[in-house]
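The report below describes a predicted model. It begins with one helix pair and then turns to the sheet, a single residue and the chain as a whole.

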Amino acid sequence: MKKLSLLLLMLGSALGLSAQTAPCCHTDAVTEFTGLANREDFRMAHKDPLPYTYQGTAGTEVSFQAPDGKTAYGFLFKAKKPTDKYLFVYQEWYGLNDYVKKESEKLYNDLGGAVNVLAVDMYDKVVATNREEAAKTMQSVPRERLKAIMEGARDYAGKTAHIVTLGWCFGGAIALQSALLNGDRNLGCVMYYGMPEKDVNALKQLHGPVLGLFANKDKGITPQVVDEFEQNMQKAGKTLTVKRYDAEHAFANPSNPIYNSEATKDAYTHTLAFLKKQFRI
């Protein structure tokens, strides 16, 4: 698996920063994030998730075709009334587990059921139960497949869709890449401690503002990475609001033993306000 990660890093380097040549998204931001899984301190920052079984009834599993010809999957909370408004929720590195379904349902309810909430499965139904499995799974998914799933979700929502993306950790990085792929259908993006896009030219193509929620004690997405993101978004002429917390990476994950309830509550308040503003509800 280390060889695979090195291969991915070499591939990202060889592809450079060209939007025309990169097989996933615009740069190697995703590859850079997956490369963090080789670092023991980053892996150890992710405590194994506590047991939890989703018991909600509002959501249902859905499938859709991706541009690579394969089937992709998600968990959909359908709006109470027909609407083209979609919130794409992107998982942490464990996969689309029951915690992600629970958080998606909370977002759905707190938005009054006025928005379709689609938790997108980036691992093709694979769910990791510990950090070692999560690291291996995250590194094993080809970048081309990640891109195809994001594009499949966009096409599933439809050409008239109005989309906001949201994700944590691995999903935070994916949320921004998904926002870029969504083009003018994108209304905004919420990133919880995900690897930012570093190509200013790519960021210039972004539609909608970004809310970034980061941890000052994060050993992967460090404050320096966040500083650079702020500078790059300013250069690109895009709107970025950053909230920084005196917390560890994955502070908002309730399955994490180092879950920070105070930081999570504040971050969620900003998240909900952002979503309501972008969706105009």
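## The pair α4 and α10

In this predicted model, α4 passes α10 in a crossing that is right-handed. Helix α4 spans residues 98-110, and its axis lies 11 Å from that of α10, the two helices packing at an angle of about 55 degrees. The helices α4 and α10 are therefore oblique to each other, since an angle that falls outside the ranges under 35, 65 to 115 and over 145 degrees is counted as oblique.

On the α4 side the contact involves Lys106, Leu107 and Asp110, which meet Tyr268, Leu272, Leu275 and Lys276 of α10. By class, the residues of this contact comprise 4 nonpolar and 3 charged ones, with no polar residue among them.

## The sheet and its edges

The model contains an open sheet of 8 strands with mixed pairing, in which the strands follow the order β1-β2-β4-β3-β5-β6-β7-β8. Strands β1 (60-65) and β8 (240-245) stand at the edges, and each has a single partner strand, so one side of each is left without a neighbour in the sheet. From one strand to the next, the twist averages 20 degrees.

Within this sheet, strand β5 (residues 162-168) and strand β6 (residues 186-192) run parallel and are joined by 6 bridges. One residue of this region, Leu166, has Val190 in β6 as its bridge partner.

## Helices on the sheet

Helix α7 (residues 170-181) packs on the sheet, where it touches β3 (85-90), β5, β6 and β7 (210-215), and its direction makes about 160 degrees with that of β5. Helix α10, which covers residues 261-279, lies across β3, β5, β6, β7 and β8 and runs at about 175 degrees to β6. Helix α10 thus takes part both in the contact with these strands and in the packing with α4.

## Arg131

Is Arg131 buried or exposed? Its relative accessibility is 17%, and Arg131 therefore counts as buried, because the cut-off for that class is under 20%. Arg131 is found in helix α5, which comprises residues 131-140. Although Arg131 and Asp48 are 83 residues apart along the chain, their C-alpha atoms are separated by 5.7 Å.

## The chain as a whole

In total, the secondary structure of the chain comes to 10 helices and 8 strands. The chain has 281 residues, of which 57% count as buried. Among contacts in the chain with a separation of 6 or more, 73% are accounted for by residues 24 or more positions apart.

Key
Residues numbered from 1 in each chain as written. Predicted model: local features only at pLDDT ≥ 70, side-chain atom pairs only at ≥ 80, totals over all residues. Heavy atoms only, no water. Pairing = 2+ DSSP bridges. Helix = DSSP H or I, 4+ residues; strand = E, 2+ residues; numbered from the N terminus. Axes fitted to C-alpha atoms, helices over the stretch in contact; angles between N-to-C directions. Contact = heavy atoms within 4.5 Å. Buried < 20%, exposed > 50% of the residue type's maximum accessible area, 1.4 Å probe, protein only. Left-handed = near helix turned anticlockwise from the far one by under 90°. Nonpolar A, V, L, I, M, F, W, Y, C, P; charged D, E, K, R; others polar.
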